[in-house]
Amino acid sequence: MKKKIALALSLVMIMSLALTSCGSKDGGGKDGDGKGGNLTFTTGGESGTYYSFGTVLAGKISDKTKTTVTAVVGAGSKGNIEKMEVKDAQLGLVQSDVMAYAYNGTSLFDEKVESFSTVAALYMEQVQIVTLDPNIKTVADLKGKNVSVGENGSGVYFNALDVLAAYDMTLDDIKPTYESFGNSTDSLQDGKIDAAFIVAGAPTTAVTGLSATKPVCLVSLDDAHIEKLIAASPYYSRNVIAKDVYNTTEDVTTVAVGAVIIARDDCSEEDIYNVCAGIFDNIQDLGHDKKDELSLEFAASVTAVPYHPGAAKYFSEKNLTVPTK
């Protein structure tokens, strides 16, 4: 009799653990009662658009669906993918070029990372070359200057290399530093650096804060060099930052990549469906300027990395077909 009771208790404990794990952050699934999973969402630094917008998205998904999403500070696109690979997070905000590098095992990644899928493209991230020196008018003017090229492991670093290469330059032509958005603008403010590469949706909090205290200049890219850059790296597209964004003297021509939400493949279909529904069914209620750039068509436009089944289900209900694994 004691053995039977012990066996019964063991079975109850095993079943309880199984139900708990289905709703845990490791799997992101739903349990048998229809309760949504708890997903950790890696974003970006506190002074960037990833964090500010990601926090808003997480709150809306949690409020409007049965899936709970918690936004946390991230370490750049590469760092976010690496955290997801070791199951420290289930969702991540990444640049479209960096996620392609990871999936194909190129550039920033020595091996393929195939444990994630696309959820949705959100908006374009502009390559912003920020300076307080009005004499720095072109990329060529960065030669010999102290320039922040983003944190180590960030997509910004590789974007900086691409832009410099389009002008037949390398890191050897500048004096590079490796700083976050917030640290970069602080260094500009203090005169420690001459310019900084910042890749994020404009307006970016760090740059907006800087422009409130000093006249900010953004370096434009000319059409010939943009064409050269896109020919070498087709994931870029031409983009314009209007002069009223940072009160610059004129519109600034640059290039941009996409900001994309990705998810671990082992997240449940229901949870990722809820992520999409929480965002795109409530666009007008999102308390962030980036909501005006969201669209279903752009969200479903990614081709480099297949979509998660939960995202594919959501977009199919909107008459949009996306590639899946």
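**Exercise 1.** Is Asp 162 buried or exposed, and which side chain of opposite charge is nearest?

*Solution.* The model is predicted, and the solutions below should be read with that in mind. Begin with the location: Asp 162 belongs to helix α5, which runs over residues 155-166. Next comes the environment, where Asp 162 turns out to be buried and yet to have no salt bridge. The nearest side chain of opposite charge is that of Lys 228, at a distance of 12 Å, whereas a salt bridge requires a nitrogen of Lys or Arg within 4 Å of a carboxyl oxygen. Finally, look for a polar partner: the side chain of Asp 162 makes a polar contact with the side chain of Tyr 235 at 3.4 Å. When residues up to four places away in sequence are set aside, Asp 162 touches Tyr 101, Leu 229, Ser 233, Tyr 235 and Tyr 236.

**Exercise 2.** Determine which residue pairs with Lys 228 in a salt bridge, and state which parts of the chain the pair ties together.

*Solution.* The partner is Asp 168, and the closest N and O atoms of the two residues are 2.9 Å apart. Asp 168 lies in the loop between α5 and β6 (175-177), while Lys 228 sits in helix α8 (residues 223-232), so the salt bridge ties together parts that are 60 residues apart in sequence. As to accessibility, Asp 168 is exposed, with a relative accessible area of 63%, whereas Lys 228 is partly exposed at 37%.

**Exercise 3.** Describe the salt bridges of Asp 265 and Glu 293, and give the total count of salt bridges.

*Solution.* Take Asp 265 to begin with: its side chain meets that of Lys 325 in a salt bridge with an N to O distance of 2.6 Å. Since Asp 265 lies in the loop between β10 (252-264) and α9, and Lys 325 in the segment after α11, this pair ties together parts that are 60 residues apart in sequence. Asp 265 is partly exposed, with a relative accessible area of 31%. Turning to Glu 293, its salt bridge is with Lys 290, and the closest N and O atoms are 2.7 Å apart. Here Glu 293 counts as partly exposed at 34% relative accessibility, while Lys 290 is buried, with a relative accessible area of 2%. The count of salt bridges comes to eight.

**Exercise 4.** Work out which residues are closest to the centre of the largest pocket, and which elements supply its lining.

*Solution.* The largest pocket holds about 320 Å³ of space. Of the 24 residues that line this pocket, those closest to its centre are Gly 44, Gly 45, Gly 76, Glu 151 and Phe 181. At least two lining residues come from each of α2 (49-64), α3 (76-85), α5, α6 (181-189) and β7 (195-200), and α2 gives the most, with three residues. One of these elements, α3, can be examined further, for it is mostly covered, with seven of its 10 residues buried. Those buried residues are Gly 76, Ser 77, Lys 78, Gly 79, Asn 80, Ile 81 and Met 84. After α3 comes Lys 87, whose phi is positive, near 70°.

**Exercise 5.** Identify the buried residues of helix α11 and the elements against which they pack.

*Solution.* Helix α11 covers residues 309-317, and its buried residues are Gly 310, Ala 311, Ala 312, Tyr 314 and Phe 315. These pack against the strand β4 (116-131) and against α9 (269-280) and α10 (296-299). Just after α11, Asn 319 takes a positive phi of about 65°.

**Exercise 6.** Place Ile 230 in the fold and list its contacts, leaving aside neighbours within four places in sequence.

*Solution.* Ile 230 is found in helix α8 and counts as partly exposed, at 25% relative accessibility. With those neighbours left aside, Ile 230 is in contact with Tyr 236, Ser 237 and Arg 238. Ile 230 and Val 163 are 67 residues apart in sequence, and their C-alpha atoms are 9.9 Å apart in space.

**Exercise 7.** State how many helices and strands the protein has, and what share of its residues is buried.

*Solution.* The protein has 11 helices and 10 strands, and buried residues make up 51% of its 325 residues. Among contacts between residues at least 6 apart in sequence, 73% join residues at least 24 apart.

Conventions:
Residues numbered from 1 in each chain as written. Predicted model: local features only at pLDDT ≥ 70, side-chain atom pairs only at ≥ 80, totals over all residues. Heavy atoms only, no water. Buried < 20%, exposed > 50% of the residue type's maximum accessible area, 1.4 Å probe, protein only. Lys, Arg positive; Asp, Glu negative; His and termini not counted. Polar contact = N/O pair within 3.5 Å; in protein donor to acceptor, adjacent residues only side chain to side chain. Contact = heavy atoms within 4.5 Å. 1 Å grid on protein atoms, 1.4 Å probe; cavity = no way out; pocket = protein on both sides within 12 Å on 5 of 7 lines; lining within 4 Å. Points joined across faces, edges and corners; volume = space filled by probe spheres on them.
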